Structure formats: C-alpha cells, structure tokens
2 protein chains.
Amino acid sequence: MSNSTVKNTKKHYEITKQSEDFNEWFNELIIKAELADYAPVRGCMIIRPRGYAIWENIRDALDAKFKETGHVNAYFPLLIPESFLKKEAEHVEGFAPHCAVVTHGGGKELEEPLVVRPTSETVIWNAYKNWINSYRDLPLLINQWANVVRWEMRTKLFLRTMEFLWQEGHTAHATFEEAEEESMKMLRVYENICEEWMAVPVVCGQKTEHEKFAGAHHTYTIEVMTQDLKAIQNGTSHHLGQSFAKAFDVKFQNEKGDLEYVYATSWGVTTRMIGALIMVHSDDKGLVLPPRISPTQVAIVPMGRDEATREKTYAEAERVATLLKDTKWRDANIRVEIDKREKETPGFKFNDWELKGACLRVEIGPKDLESSSCILARRDTYEKKTVALENVVDEITNSLEDMQVGLLAKAKQFRLDNIKRVDTWEEFEKTFDKEGGAGFILAHWDGTTETEKKIAELTKATIRCIPLEPFHPDDVKPGKCVYTGNESKQRVIFAKAY
Amino acid sequence: MSNSTVKNTKKHYEITKQSEDFNEWFNELIIKAELADYAPVRGCMIIRPRGYAIWENIRDALDAKFKETGHVNAYFPLLIPESFLKKEAEHVEGFAPHCAVVTHGGGKELEEPLVVRPTSETVIWNAYKNWINSYRDLPLLINQWANVVRWEMRTKLFLRTMEFLWQEGHTAHATFEEAEEESMKMLRVYENICEEWMAVPVVCGQKTEHEKFAGAHHTYTIEVMTQDLKAIQNGTSHHLGQSFAKAFDVKFQNEKGDLEYVYATSWGVTTRMIGALIMVHSDDKGLVLPPRISPTQVAIVPMGRDEATREKTYAEAERVATLLKDTKWRDANIRVEIDKREKETPGFKFNDWELKGACLRVEIGPKDLESSSCILARRDTYEKKTVALENVVDEITNSLEDMQVGLLAKAKQFRLDNIKRVDTWEEFEKTFDKEGGAGFILAHWDGTTETEKKIAELTKATIRCIPLEPFHPDDVKPGKCVYTGNESKQRVIFAKAY
C-alpha cells in the first residue's frame, strides 16, 4: 500500500484498466470512488463515508443473523497485558510478531507493556473464567464488533491493513460436538451473507493444519476467487477445542457434578470483505455493487439547460425519489440520491455514478418529460432502456432484483470457468509459472505439511482449503499427490492468494 | 475503580443501599446486574451483554438522528503520529498527559511513537486538508463511532474509564455562523435523546473559558444531576472556530474565489451516559431503565410446581410473548423475555428481574390462568395489579408509556427540588462543606477564571455551565459575584461533579 498519489493526467472518473494493471486499477478505484484514503501512519487507512456505508450494510446484515442465531454483543478492552498472549503456546507464536505495543501511559513507562489487541481470545477467556461455573451457564454466545491492529509489512487497501474493523464471535460450549455445530453454523451464516447479500460466491472448506488459526483445533474458511484469478480468504470460523479453556483454566460443572474444561469457538469477518467485493464485481468504469449492500441503489439525474426546464425535471426527480423511498425492495426501503450538481455536465455525472457504483441510474430530461418517460440505465450490464414514468417503480424493483441475482450468477459462472483439475507436476508448475493468479486448481495432495510447504516454495500456490462440498463427485475420490505421488484422499484447492 | 470483589455475604440480588454508600451501591449494581466487569488492565472495563444492549439502543437512537440531520459515518485510524497532537497548541496541552503511547510494532522500535487516539480532531483535520478545496465541498458533516483511550488516574465504571466507546462528530463549514448553528443543533440532538429516550433531564449550557475543550472557541455541554446530588457532564458540542483549520492548513475557495480557513465543530457522547442513566433512575433493588432504551421491556415469569402446570403457564407465556413481540410501542416492537429457569424460585426471579431492570414483570401462575388473568408489576413504582389476559397487550403498552413519561417527570421534579440560589459566600461555603453532592447551586460569578479556580479550590464546587435557558427569569439579571462581590451578568450553575 504505497502512499503514491494517483496520476493527475486522467479525468477524475477515469481509472487504469484491469487488463493493464489489476493492482493499480484496484487502488485507483478505491481512492477515486472515495471509498477510502491513505492514513498518515503507514499501512493504515481511512474508511470514507461511501466505503463506511457499505460496511454498515454488511454489518447490519451480519448482526441481524447473529442475533437470530442466539448471539449477543459485548465489548472487551483494546489493551491486553503482554503476558496474556503467552498463555496459549501456539497463539503467542502466531500473534506476538504482529503486535503494536504500548509501553508508556500518562507520561510514565508502564510496568508491564500492553499489546493493542490483534484478536481477543485471551482477554475474553480470562473473563469467561469468572462467568462460567456450571453447565447452566453454557452455551455462552458472545460477539464483539471492534477494531484490531496487526503489524503488517505488505499492506493493501481493505485487503490487508494494519488496523481493520471486524466482528469476532467467541463462544463456550459443554461438548466438542456442540462447539463443532456452532463453528459450522457460523460458517454457513458467512456463506449466506456473502452469497445472498454481497453476491460473492464462496467455497466453504477446512484449512490445512499448516494454515489453521494459531491455537485452533481446526479452522473453517470461506474462499473467494477474484477477477484476476487469485484467492481471498474472506472469513474464518475456528473450533478451538479446549486449548483456551486450559490456558485460562475455564472449567464447568457438568450435569453429573464433574468438572470439565469448556469447548470453544471463535469466528470473524473483517473490512477485507469490501476488498473481495470490489475484486469480484467491479469493472474498468468503477464500482459495481450488488443492490442489497449498495448505499446508492438509484441515482436520479434530472437535466435541463435553463432554470425553467430544471424546475420541471427536478420536481419530477423529487416525485420519483419519494415514491422509491416509500417502496420496499427485499428487506429495506429503496435508497435513492438525486444529483443536483449544476456545474457539472450530464456526461460527467453519468461517469461519476458509474465510478461510485449506483446500481441504477434514472435520467430525466425535458424530452423525456414530454413523453412521460425516463431513461433507466443498469450499472452491471450497461443496458439502457426507455421506461414510462408510470411504471418506473416496478421497473426499478425488477431491475434491482435482476441485478442482485445476476451478479451472483455471473460470478459463479466466472469461478466455474476458472476451476481446473491438474494431475501432473509439470502442468501444475506451468499453471502457476506466471505473474498473477491462475484460478482455483483442484489437485491431489498427500496431506503432509512438508509437501504443502514445498509446493508453496516452488510455485507460490497455497492450499486454500479442503472443500466441504466437492465441485464434482470425482473430486473426493482417492488419487495420487500431484507433487509426491503419494496417496491422497481427495482434491484440494490450490491458488495464489492475497 | 478498585478491583476488589463484591462482598459475598449478600444474596446475589442484594446490593448496598444508596443511603449507606452511594459509590458502593453504584459499583455493586453494575457488577451484579451484569452490565460490566473489571478488566485485567487497571481502569479498563468489559461491557457485558446486558450493558452493551443498552449502549446499542442509545447508539441506534443517536445514529438515526445524526443521519436525519444530514451526517454520514466514516472511520479514521486508531493510531496517530505523536507529532500531530502538537500542531494545535491548546490541544496538545490538554491531551498529551493522558495518552497511551505505542513505541514498538512488529517487534521493532518505531521511528516516531504513535498515540492511541484520545480524540480524533488531528487525524481528521489532516484528512480534511485533502478533501476540502471549494465552498462546494462544504459543509462536510462526518461522524465516527469509535473507541478512545485516555490515561486516567481515578477511574469509575462507565463514568470514567481509560478506554471508552463514543461517537465523535467532526464538521467543516464556510462561516462562523454555520459552525455555530451546527454545534447548537447537535447539542439539541443530545438533549432530545437524553430526555425523550433516556428520561434523563439535562441542562444545556456553555462551559466557561477554563472548562472548555482544549482547542475550542467555545464549548456547549449537557449537565445531569444525580441522585446523590452531584453533576455529570453527559456530552459536549464544541465550536472549534478556525484553530484546527489553521493548525492543519485547511483552506477553501469561497464563492468570490478567495481562500479562507474553514470553520469547525466537534461533538461527542460516550458510554459515560450509561453511568448517568444509572445514577438518575436506579434504586436499592437495582436497575431502573426507561422503556425506550431497556433491553428487556417485559419479563414474563410463568410458574408452576409440577410439569403439567408448567406446561400450561409456559404455553400462556409463549402466547403473550408472541403477541407482544408483534406489537409496536413507540419506534420498535416490544422486547420480551420469558424466564424458564426451573431451578430458581419465583421470589428469586422477581428479585433478579428487578436487579436487571426489566421495566414490567408479568407473573403467570396456575391460579391466574384459572381466572384468565395475570399479575403485572411495574419496576419504577413497584405497583402490582391483576390484569385480564385479554387486555394484557393494551395494559402493557399503556404501562410502558406511563413509565417512560413518569421517569422523566420524576427526575425533573427531583432536580427542581435540589436547585438552590445562594447569594452569600458564607452560605455557599456551608452548602458545599460536606462529603458528597449539594445539588445545583445557582450563584453569581464575576466571569474570571481566577475566581472560578479559587472557588473550586475552597469548596471543590466547579462551574458546570452558564445555562442557555434560565430556570427563572431573575437568574439572568445582573448581580454580585458570590465570592468577590464584583459584577456578574447572570447566575451560573455550581456543583460537585463526577
């Protein structure tokens, strides 16, 4: 994430093409669509109002699902004693190198340094020790919306920033099976929000031993394919077993009266999801957002060269906007903006709304008014059609629905077109022997960390996950490891990842 | 905020009486009602689900008002270069001694230390420099929901914690007058949420020069009177003038084409509001919450000694709960919980719901069912009445309404009873010459910081504000300063403050 300013030779709505430089396209789009800005501290970002509004929509959809599934929110402290991190052996190894450390407070050096939370398992399990005594206190189903800090060397807007916003669920259960059920349930909540709200198809899978969360028994993941054929880990759900309960001595009395360690899960998604969303749907003209999470579902552009004309088109724009705001599509009333910038040309405004990702654009000019119609333009397909004003609300709700469904279908087809089965090492190496992504490669693997590391070293491809549902029934039949030739239980997904 | 554990001799729902020890009452109530818990780091707190649910209700009410008044949310970084704080002279003096400082990241010492934001003016105005060019970019109306850290020596649950949650609005305007209008508008938003949602009466006033925000032109405040007759500053709205624009060189081109510095406001309320809420309404049995922000508006306790009876009362409880959940009172559907704890006695449950602040309790026993009735108990007045089950929804919505209105009226009357006008220094000293609060004392003051400091030194009473609206027309007539005898324009409010 460099602080280089965007080149000034282009018009404000022009961005580098994906095909020229995907990375530059992504950065320019974010800056020019005003989703985010660079912060004074290296690797941090400012989430601007248009970006934050997307996060609010994602957050509200998730929060409603969490509550539906019996969870409550709480808030745990930002600052954690350094010693806490050390209580779980794998955990400290995974996180200590990435911590920001507070050594001074109120003008004095602290006796014990405090880390800015990179994740909250330790401080939460320290509290759970006091809150859990009996099986009647279980399950404990708590979620937190918070900021966390992880010191990163290579950062990228939204995808990998030093500070990010997220939610972290932390649950406690009486049995291994209940914790398993919870971690899987929340994985499916994530899948649902990604696909049904963000129109982002995900592969649900299990992480390998090497890629799992530091301190987990095992980790589930949702993996996304981007338009440049790389993978993004879009969220994870961990079955923590009893490791944190043992590290923080959290026992409960079961129904028989015996003391047992508690089983745990944790699960989280972050503002990174916005990065994945952009990389899946957006194009060379700017942001493409699925209607359910787009802050601007409809941008109305009333036009007119003189004030008398504008008075009429503006009045019609207001009338249509009011109708739309009173109309419910899916879970919420339609979100509309009227563009009244008088110093800009219609062409400028059309480009600007394409850049900013308004799902639909309604153009109302004096000639349209004469024929009691308007132009309706769809952001994803660029389809433009003339629509009678009396039908405009129906046309718009239908278009929103089509776009929501269409974006998911298109992304699913794109993913399908870029999944490949590879069975020889020669072909595997060749597939990954280029800059950039190569799609999802389904290949056999012998199940060892040694082979996994070796393949990553040679090709930069990592195992994204062991899919929970095969793309094809043959994918879960035994075979020979693509690198060692040893026995393999099923194909796993290899890809280059962000 | 000591880490001492609550004494174990009492039953879990028993707390120290207000009259015995108000401070101990407050701490015990918070811990036993499970609103919050102590954190491992001194001065920090965990906001437990029952406390956080109150915050969610306050936050949602505020957020809706902010959006109604044209504001959008954004997110700025937690970590701020230490040098930023130094750019505004008064600001650094006010905040530098209270900062937590990150000196190490990713295992290395940083070249420049970073402060954990105590407030975000500096990092936000650094960004506004890039976002504001012309009068067309103004006003810029941004709010942020965030955590902040201020190193505090004497902390107290909710009222003064090292880390707290808040919102901070930061706006930019073309003229002094527009900034003034904004700071006043947001003060009135706070007043509205405090009185109409939290049933907490506030005095809107201006802070003295000595008490204003570090870096502000002037500061408005909302001040609350607690049941122990002290004052709580419950929120502030600052007119920042051009100080931050000058410190960060933020100019805009006005309509004539001239460059001018921008005018600013900032305004914030915090989780401290929950502390004020408790101190205004709650009693010796526990939490009393106004219905609009109570997470549990109705607790239904179905009873029965044997399973066959319970089957019937539980079914009736479910039926009533479903009816209530489908009923809208004010802005939202009624929030109901059914208490199905079988190992606890009815008496235990009644006490427990009083402790936890359920607004209304519905008791359904086998005898009630025989007469198709139930018992409805109100938390604030302890009034209990028998209600026909067929009228239960109407009775409940009426009771919620009565309680919402009644709590505000009661708190206003209490405040009125504890406002006193004092005109001699002898009486003034005597009034404050005791432990604890003495109510709001309206007295004349000569307008100098010197006198203000001297009075505080001698009596521990501080000037809470210069009220915007007098309690009585005579309060704004000139008089003689209670300490120096010099001329005074109007009475101001003195009190001991949290």
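**Exercise 1. The strand pair across the interface**

Task: Find the bridge partner of A:Val101 in β5(B) and describe the strand pairing to which it belongs.

Solution. In this predicted model, A:Val101 has B:His104 as its bridge partner in β5(B). Next, take the strands as a whole: β5 of chain A, residues 100–105, runs antiparallel to β5(B), and five bridges join the two. Then turn to the wider contact between the chains, in which 43 residues of chain B touch 43 residues of chain A. On the chain B side, strand β5 (residues 100–105) gives the most, with six residues. By residue class, that side of chain B divides into 30 nonpolar, nine polar and four charged residues.

**Exercise 2. The relation between the copies**

Task: Determine what rotation and what shift superpose chain B on chain A, and name the relation.

Solution. Two copies of a chain are related by a rotation about an axis and a shift along it. Here the rotation is 180° and the shift along the axis is 0.0 Å, with an RMSD of 0.0 Å. That is the relation of a two-fold axis. To place the axis, look for the residue of chain B that comes closest to it: this is B:Val102, whose C-alpha lies at 2.1 Å. Finally, compare the two sides of the interface. Of the interface residues of chain B, 100% are also interface residues in chain A, so the copies meet through the same surface.

**Exercise 3. A sheet in chain B and its helices**

Task: Give the strand order of the five-stranded open sheet in chain B, identify its edges, and state which strands the helices α10 and α12 of chain B touch or lie across.

Solution. The order is β18-β15-β19-β20-β21 (chain B), and the pairing is mixed. Each edge strand pairs on one side only; the edges are β18 (336–338) and β21 (384–388) of chain B. From one strand to the next, the twist averages 25°.

Now take one pair within the sheet. Strand β15 (residues 298–302) of chain B is parallel to β18(B), with three bridges between them. One residue pair to check is B:Val298, whose bridge partner in β18(B) is B:Val336.

Then add the helices. Helix α10 (residues 346–356) of chain B lies across β15 and β19 (360–364) of chain B, at about 175° to β15(B). Helix α12 (residues 392–417) of chain B packs on the sheet and touches β15, β19, β20 (373–378) and β21 of chain B. The direction of α12 makes about 5° with that of β20(B).

**Exercise 4. Backbone details in the loops**

Task: Locate the cis peptide bond between Leu138 and Pro139 in each chain and give its omega.

Solution. In chain A, the cis bond joins A:Leu138 and A:Pro139, with omega about -5°. A:Pro139 sits in the loop between α5 (121–131) and β7 (140–149) of chain A. In chain B, the cis bond joins B:Leu138 and B:Pro139, with omega about -10°. B:Pro139 belongs to the loop between α5 (121–131) and β7 (140–149) of chain B.

**Exercise 5. Positive phi outside glycine**

Task: State what phi A:Leu229 has, where A:Leu229 lies, and whether this residue is buried, partly exposed or exposed; then treat B:Leu229 likewise.

Solution. A:Leu229 is not a glycine, yet its phi is positive, near 70°. The residue lies in the loop between β10 (218–225) and β11 (231–241) of chain A. For burial, count neighbours: 17 other C-beta atoms lie within 10 Å of A:Leu229, so this residue is partly exposed.

For chain B, phi of B:Leu229 is about 70°. B:Leu229 lies in the loop between β10 (218–225) and β11 (231–241) of chain B. With 17 C-beta neighbours inside 10 Å, B:Leu229 is partly exposed.

Key: Residues numbered from 1 in each chain as written. Chains lettered and ligands numbered in written order. Predicted model: local features only at pLDDT ≥ 70, side-chain atom pairs only at ≥ 80, totals over all residues. Pairing = 2+ DSSP bridges. Helix = DSSP H or I, 4+ residues; strand = E, 2+ residues; numbered from the N terminus. Axes fitted to C-alpha atoms, helices over the stretch in contact; angles between N-to-C directions. Contact = placed C-beta atoms within 7 Å. Nonpolar A, V, L, I, M, F, W, Y, C, P; charged D, E, K, R; others polar. Least-squares fit on C-alpha atoms with pLDDT ≥ 70 in both. Buried ≥ 20, exposed ≤ 12 C-beta atoms within 10 Å, placed from the backbone.
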